[in-house]
Amino acid sequence: MLVTSASALFPAVEVPFVRDLATHGERTAIVTRDGEISYTDLAARVARTAEQLGVGRRLVLVVGANTVDSLVAYLAAMHAGHPVLLVPDDRASALAGLIEAYDPDVLVGAADEGWQVEHRRAASVHDLHPDLALLLSTSGSTGSPKLVRLSHTNLQANAEAIGEYLEIRDTDRAATSLPLHYCYGLSVVNSHLARGAALVLTDLSVADTCFWELFRDARATTLAGVPYTFDLLDRVNFAAMDLPHLRYVTQAGGRLAPDRVRRYAELGRSAGWDLFVMYGQTEATARMAYLPPDLAFDHPTAIGVPVPGGDFRLAPVATIRIRRSASWSTPARTSCSDTPTLPPIWRWVAPLTSCTPATWLGIPQLACGRSSADAADSPRSSGCGSTRSKSRRCCPRTMSLPAASAVTAS
């Protein structure tokens with residue numbers, strides 16, 4: 001009887017840091033309160049879960065919790081060549097809405113007894129774009145969630161760029177202080193796995209004393225935070241903590257007040273760790289720019305320099321005069337090249353489309369995925385789950401949830 005190996009049945013793996021997990025051998029990949037998991041063990045778990053997901057490409061919804069099971073499911077789906085819809089784990093109603101809207105072929109999430117894989121159908125009803133690797137939610141400045149489509153190249157390129165400018169070592173250990181389903185939190189995971197470093201995997205808040213016990217016991221070297229994280233750090237008197245292995249702290253996910261940037265930069269200098277202030281967008285796979293630590297104190301309002309392999313250019317925009325009105329209308333746009341119709345305000349403004357900042361970057365990424373060939377096709381009338389037809393082309397571009405605002409996140 002002819003036997004075909006499982007690996008031969010899977011589509012070609014196109015994300016190197018996922019494909020190469022086993023090459024890091026017995027190095028520690030994950031640290032939890034229950035112990036450590038080596039890269040060899042992690043790769044074996046990923047391979048077993050990938051076999052459960054099957055060989056035909058399907059849209060796989062993974063509940064993105066900060067747990068070993070969730071991380072393995074995320075990596076396994078990509079290992080098997082399936083596009084991943086990574087969703088929050090905190091609201092059942094939101095999960096039900098995403099399932100209704102995007103109609104995934106496979107569901108992976110927590111059940112009464114561990115995690116389970118639910119096959120909703122044997123073959124996908126979606127026409128999945130070959131470059132599509134990940135669908136990730138962003139709320140942006142509007143607070144209205146949308147899905148951004150990211151390619152295999154996006155994920156690998158941004159993970160490598162982050163690893164380069166942070167100088168991530170294989171001895172580093174990054175605490176998962178942000179959710180796995182959030183692009184910033186996921187970028188911490190991807191960049192450290194790409195470097196053979198370890199993750200201190202936890203869902204505890206930085207306001208929890210148990211978080212810091214684990215942080216110290218695991219000899220964590222890296223902490224990531226959004227502005228609210230720094231509010232919590234102030235509350236728990238982070239400045240007075242003894243964290244001998246901490247190498248650097250990163251900040252993104254919103255503007256941190258200049259005085260606080262200076263304060264944490266100075267705190268890092270005195271304690272022996274660096275502060276990296278960063279800028280990014282989900283549309284750019286996570287990070288677009290970073291402020292070198294030695295510039296943080298003197299330039300606390302700057303986003304810094306482009307990530308390795310990228311560049312910023314100022315694109316000319318039209319300046320129009322608009323007048324103030326009591327009502328605010330939602331800007332309308334039919335393609336990435338359009339100038340939105342802005343609400344009236346009595347002043348001069350330079351309108352920016354949502355797609356412009358990401359397309360300025362000269363790094364492998366798709367931003368909202370708009371090419372000249374499909375610029376006339378509205379991103380809000382196409383894509384996975386946006387119609388009930390059995391043929392839906394999932395190409396990399398920004399998708400809106402039902403009834404979402406027309407303003408794309410920035």
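In this predicted model, the crossing of helix 3 and helix 4 is right-handed. The axes of helix 3 (residues 39-53) and helix 4 (residues 68-79) come within 8 Å of each other, at an angle of roughly 65 degrees. On the side of helix 3, the contact is formed by Leu42, Arg45, Val46, Thr49, Ala50 and Leu53; helix 4 contributes Val68, Val72, Ala73, Leu75, Ala76, Ala77 and His79. By character, the residues of this contact comprise 10 nonpolar, two polar and one charged. An α-helix has 3.6 residues a turn, so residues three or four places apart point the same way.

Strand 1 (residues 28-32) and strand 2 (residues 35-38) run antiparallel and are joined by four bridges. The connection from strand 1 to strand 2 is a hairpin of two residues. Within this pair, valine 31 faces glutamate 36 of strand 2.

**The chain as a whole**

The chain contains 11 helices and 20 strands. Of its 410 residues, 52% count as buried. Among contacts between residues at least 6 apart in sequence, 68% link residues at least 24 apart.

**Strand 8 and its neighbours**

Strand 8 (residues 132-138) has six of its seven residues buried, so this strand is largely enclosed by the rest of the structure. Strand 8 pairs with strand 4 (residues 84-87) in the parallel sense, over three bridges. In that pairing, leucine 86 stands opposite leucine 136 of strand 8. With strand 9 (residues 146-151), strand 8 pairs in the antiparallel sense over six bridges. There, leucine 135 has arginine 149 of strand 9 as its bridge partner. In a regular strand the side chains alternate between the two faces of the sheet.

**Helix 7**

Helix 7 (residues 183-194) has 12 residues, which at 1.5 Å a residue should span 16 Å; the end C-alpha atoms are 16 Å apart, in agreement with that expectation. Of the 12 residues, 11 are buried, so helix 7 is largely enclosed by the rest of the structure. The buried residues are Cys183, Tyr184, Gly185, Leu186, Ser187, Val188, Val189, Asn190, Ser191, His192 and Leu193. Just after helix 7, glycine 196 adopts a positive phi of about 70 degrees.

**Threonine 222 and helix 9**

Threonine 222 belongs to strand 12 (residues 222-225). With a relative accessible area of 4%, threonine 222 is buried, the cut-off for this class being under 20%. Leaving aside residues up to four places away in sequence, threonine 222 touches Arg173, Ala174, Ala175, His192, Phe215, Leu246 and Tyr248. One of these, His192, is also among the buried residues of helix 7. The C-alpha atoms of threonine 222 and valine 249 are separated by 5.9 Å, although the two residues are 27 residues apart along the chain.

In helix 9 (residues 227-235), the buried residues are Pro227, Thr229, Phe230, Leu232 and Leu233. The buried residues of helix 9 pack against two helices and two strands, namely helix 8 (209-217), helix 10 (258-271), strand 12 and strand 13 (248-251). Asparagine 237 follows helix 9 and has a positive phi, near 60 degrees.

**Positive phi angles**

Most residues other than glycine have a negative phi, and most peptide bonds are trans. The table gathers residues of this model with a positive phi.

| Residue | Phi (positive) |
|---|---|
| Glutamate 167 | about 55 degrees |
| Glycine 196 | about 70 degrees |
| Asparagine 237 | near 60 degrees |
| Threonine 285 | about 75 degrees |

Which loop holds glutamate 167? Glutamate 167 lies between helix 6 (152-165) and strand 10 (173-175). Glutamate 167 is exposed, with a relative accessible area of 55%. The loop of threonine 285 runs between strand 14 (274-281) and strand 15 (286-291). Is threonine 285 buried or exposed? Threonine 285 is buried, its relative accessible area being 9%, whereas the value for glutamate 167 passes the limit of over 50% that defines an exposed residue.

Definitions and conventions
Residues are numbered from 1 along each chain as its sequence is written. This is a predicted model: local features need pLDDT of at least 70, side-chain atom pairs count only at pLDDT 80 or more; totals for chains, interfaces and linings use all residues. Side-chain values use heavy atoms; hydrogens and water are left out. Axes are lines fitted to C-alpha atoms, for helices over the stretch in contact, and angles run from 0 to 180 degrees between N-to-C directions. A crossing is left-handed if the near helix is turned anticlockwise from the far one by less than a right angle, and right-handed if clockwise. Contact means heavy atoms within 4.5 Å. Ala, Val, Leu, Ile, Met, Phe, Trp, Tyr, Cys and Pro count as nonpolar, Asp, Glu, Lys and Arg as charged, and the others, Gly among them, as polar. Two strands pair if DSSP finds at least two bridges between them. The expected span of a helix is 1.5 Å times one less than its number of residues. Buried means under 20% relative accessible area, exposed over 50%, partly exposed in between (1.4 Å probe, protein chains only).
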